[in-house]
Structures are given as C-alpha cells and as structure tokens.
Amino acid sequence: MGALGRISAAYTTSCSSASASVSSLPTTAPVLRPLTHTASLSTSAALLKRHKYPGARDNKDHSKHRGESAIRRTGTRWRLSMSDEPLPRPVPRDRLPAVETDPDHGLWDFFADRATVAATPEQDAQHGRSWSVEELRHKSWDDLHRLWWVCAKERNRIATSNWERNKSKLGFGEAEALGRDREVRATMRAIKHTLTERLYTWEDAVKLAENDPEVDLTGQGPAFVPRDYLEEGETAAAEGEQQVAEAAETAQNTQAAPAASLDPVTIPSPKSQAEAPRL
Amino acid sequence: MATRVAAATEAVAQQLPRRLGKNQIFRPNHVVAFIRPKPRQPPNLATFVVPLQFNKFDLRDYLFHAYNVEVTSVRSFINQPTPRRKYGNAGKWFRPRSQKMMIAELVKPFVWPDPPAEKDREDFDHPTFTKLEKLREQQMEQQMDPGNIRLRTQVKAPEDRKSLKKQAKEFMESGEWSNGQIGDGKWTEVEKDAPV
C-alpha cells in the first residue's frame, strides 16, 4: 500500500482486519462517513508484477482513479489538502432553531388577518360604499394619491385572501370578497374620473390665460398681476355693472355679488349660486 | 479567509446606494397576491402571483416602495394552463390565460402562520362547504361518465327506504298492519251483490 503512495483510511484497515466477517460490513459501516476516507486498494497488482529485471516492461496501473466510487463513497485515492479539515454535519430540519418573523415585516400588509391570512366573510362584508366623484373633487392631489395606494394594497389583500381560501380550502367567502373588491375598484375609477376632470379644467384655464393680460405664462416674473384699473372700452360696461351692483347692494347689502358678475373665470360666491335658478 | 472577504464585500455592497427603477408610476393598477409557500420552502423565499407584464425589476421596486420589503433576487416563471372546453365537457376548446409567478429572496425572513385547523374554520362555514364540494364532485363524475351506475352497496340508502324496510319487517313478523288512522264511522261496506 505504502509503496504505491496511497493512503489507507480507518475504513480500509478495519475491513482488512475483520476479513472474516465480510458479510457484516454494511451493518458496521457508519451511515454517514466523513469525506476524508480514501479508496480501499488492492495490492494484487504490485504482487503480480513478475518482471523485475532492468529494462522490463512497464507494469504500472494507468488508471488514476481505479477504485474510486461516488456510490460507495470511497473518497479520493490521494490525500488532499483539506482531508484533515473537519466537515460540518447537516442538522435535521426539526432541530434547527425556529425562524422568528419580524412583527413589523412589510409582508404582513398582504394579510387581512395575521392568524388566518384570509378575512372571514363577516369581516369582508363589513365595508361601506365607495367614494363618489363629488366627494373626491374636494380632495387634493396628495389625498387622492394616498387613497389610490390604499385601494391598491387593499386589492392585493383581497387577492391574497382569495388565493389562500381556495388553496387551503377554508370555506365560503368568495362572494363577500368580490363585493368588497367591487367597491374598491369603484373608488379607483372615481379617482381617475376626478383627475381627468381636473386635467380638462386646467387645459381650459391655460387656454383662457393665453388671452388674459393679467396672467403671464412665460414663467418669468409673477404669473398673476391683478390690475386695479380698467381699459377705456371696458369703462362703459363697468359703469353699467356698477349701477347694477349698487342696486344689488342696496337690495341685499352684499359685497361679493358684483365681483362675481365681473369676471367669468372667478368662482361665484355660494350665496349667489344658491339664488341662481335651478335647471 | 474567503468568507471574511465575502462578508466585507457584502458589507460594502449594503452601504452602496440601492439601484432602483427611475420610471415613476403614480397610479399602479396591478394586483399582486402573496402565496403560501410550499411545505419545505425556506422562509427567505416569498412567492407572488403577479400580472403577466411584470418583470423581476418591477416586483423588486414594487415591494420596496409599497411594502418596504428588501429583496436580494427574484426568480420568475409562467404557469401555462392546459386547454379547456368552454362548458366543462362541451363547447369550443380554448387555453385559459397564463399566470406569472415570482419568487423573491427576502433580506428579512418571513414565516407563514399555519392554516387554521378544520374545527377553527367555523367562520367560513367549513362543514357546509365540504359537504357541498363533495356533492358537486359526485355530480361531476356522474356527468363525465353517465354509464357508470353505482351499485346499491356503494350508494348510501335514503332514510325513507330504511323506514319502509323496517315497517315491512314488522308486518312480516306480526302478521297484521295498521296505518294508525281511526275511521270516523262514515264508511259503509259496499254490498257485494249490488248491481254496478
């Protein structure tokens, strides 16, 4: 063995010493041997070498990996640099320490309920109506943006619960989830409606501002400079309006009404709006 | 040695600014569902069902911005359903829409809670649900193979048949039978020799 430059591992020596009990080998062999073992070797090749005279033919073993087997886990025939390094043993899954989930983990937001994941039909049915366009018209862009994200995450939550209910076969609740989803989608539609309206209004305002001498669209200097005088052509009309305004002032004692009738762009005061004839 | 270098590289990489997409989407109209992991799936992998047009970068940025969840890598695949017929076993053949799934490797692991036991599913009306599902399956089987008529031993006997059998047995044993009704005395025997 040694003459061939091979190493004999504990396994091979135990095999050769216990040659009588060959049949008991599989039972005595450990289930998981470290990979430091090397191949068991045969000395027959060396012993069979007959021609020892000088100039005899080459009788060496040309197969470098003879006796190595991955199935029998023999290891390499040659000692490797890391042969003496102890290898880590795998730990069974049930003996590993339990992984703790962070209570502030972002993925909890996908769950309607932390214990059951899916919301019960009762929980799902506890929802109100969707936001109407009229209500959303009074909201700022930031508010609408926030509400959109709330809706988007709610839809993810509903989709997660639907999947979990179906796959884990929890029971009923699809109809309630669908009803909730419908309301969320209605809200999202209303948000889009509101923003589209706002865009159209803005486009109209830009068109008006192009011809408005008080508005500067160049982006240099103040955008709006209100004038405290009237053009010559406008004076006559203004005088007429002033007379009307005075009459209105004496009748109702209000100050906002003439201003409202002056400029069509400004929003009329709520009082005059209320008095306007209903169509 | 190698592990120390790797750890140092990792530490430096953590401090670098995150590379995220620059395309701003103000009203994302996507629905992303978080899916229960397979039984032996490690807790650092999270599975999602995403829209078909999503790519890996989309999911990474979506999770980071909307849920504040950091992800080291994303794997994706598409499940193509088998062709189906429009009305179960009749109608035109078609292929249902494919479904895209993505598995994200999380920085912070997330362990799913176990599904509730069957007795804890009262809120979902689980007993009725299972009964109905079983019935529907039987109906489906009957429709798919109408020639397969089940034997009497395979079918649960209905209650009326059981009670009828019991009554018949009693009658055979006692030899007399009564329906439990008492006559009101208005019944008269029709004369046998009356002309009809």
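Two strands count as paired if DSSP finds at least two bridges between them. Strands (E, at least two residues) and helices (H or I, at least four residues) are DSSP runs, numbered from the N terminus. The model toured here is predicted: local features need pLDDT of at least 70, side-chain atom pairs count only at pLDDT 80 or more, and totals for chains, interfaces and linings use all residues. Residues are numbered from 1 along each chain as its sequence is written, and chains are lettered from A and ligands numbered from 1 in the order in which they are written.

**Stop 1: the hairpin of chain B**

Select β4(B), residues 84–87, and β5(B), residues 90–94; 3 bridges join these antiparallel strands. They form a hairpin with 2 residues between them. In the turn, Gly88(B) has a positive phi of about 65 degrees. Which residue of β5(B) stands opposite Arg85(B)? The partner is Trp93(B). Colour β5(B) by burial next (a residue is buried if 20 or more other C-beta atoms, placed from the backbone, lie within 10 Å of its own, exposed if 12 or fewer, and partly exposed in between). Of the 5 residues in β5(B), 0 are buried, and the strand is hardly covered.

**Stop 2: the sheet of chain B**

Widen the selection to the whole of chain B, which has 4 helices and 6 strands. Read from the N terminus, its elements follow the pattern α-β-β-α-β-β-β-β-α-α. Buried residues account for 10% of the 196 residues in chain B.

Now pick out the open sheet of 4 strands, which has the order β1-β2-β6-β3 and antiparallel pairing. At its edges stand β1(B), residues 33–35, and β3(B), residues 71–79; each has a single partner strand, so one side of each is left without a neighbour in the sheet. From one strand to the next, the twist averages 30 degrees. Strands of a sheet pair through backbone hydrogen bonds. Between β3(B) and β6(B), residues 99–106, there are 8 bridges, and the two strands run antiparallel. Centre on Ser76(B), which stands opposite Met102(B) in β6(B).

Two helices pack on this sheet and deserve separate selections. Helix α6(A) touches β1(B) and β2(B), residues 45–50, and its direction makes about 35 degrees with that of β1(B) (angles run from 0 to 180 degrees between N-to-C directions, and axes are lines fitted to C-alpha atoms, for helices over the stretch in contact). Helix α2(B), residues 56–67, touches β2, β3 and β6 of chain B, and its direction makes about 130 degrees with that of β3(B).

**Stop 3: where the chains meet**

Show both chains and select the residues in contact (C-beta atoms, placed from the backbone, within 7 Å). How many residues does each chain bring to the contact? Chain A gives 31 residues and chain B gives 29 residues. On the side of chain A that touches chain B, α4(A), residues 121–125, and α6(A), residues 141–167, each supply at least two residues. The largest share of that side, 11 residues, comes from α6(A). By class, the side has 12 nonpolar, 11 polar and 8 charged residues (Ala, Val, Leu, Ile, Met, Phe, Trp, Tyr, Cys and Pro count as nonpolar, Asp, Glu, Lys and Arg as charged, and the others, Gly among them, as polar).

**Stop 4: the helices of chain A**

Hide chain B. Chain A has 10 helices and 0 strands, and 15% of its 279 residues are buried. Select α6(A) with α7(A), residues 174–210: they pack at an angle of about 160 degrees, with their axes 10 Å apart. The two helices are therefore roughly antiparallel to each other (angles over 145 degrees count as such, under 35 as roughly parallel, 65 to 115 as roughly perpendicular and the rest as oblique). Among the residues that meet here are Leu144(A) and Trp148(A) in α6(A), and Val184(A) and Ile191(A) in α7(A). This contact has 10 nonpolar, 4 polar and 5 charged residues.

Move along α7(A) to Val206(A). Val206(A) is exposed, with 11 other C-beta atoms within 10 Å. From its C-alpha to that of Leu217(A) is 8.5 Å, and the two are 11 residues apart in sequence.

**Stop 5: two positive phi values**

Most residues other than glycine have a negative phi. Select Arg73(A), whose phi is near 55 degrees, in the loop between α3(A), residues 44–47, and α4(A). Arg73(A) counts as partly exposed, with 13 C-beta neighbours inside 10 Å. Finish at Val117(A), which lies in the loop between α3 and α4 of chain A and has a phi near 65 degrees. Is Val117(A) buried or exposed? With 23 C-beta neighbours inside 10 Å, Val117(A) counts as buried.
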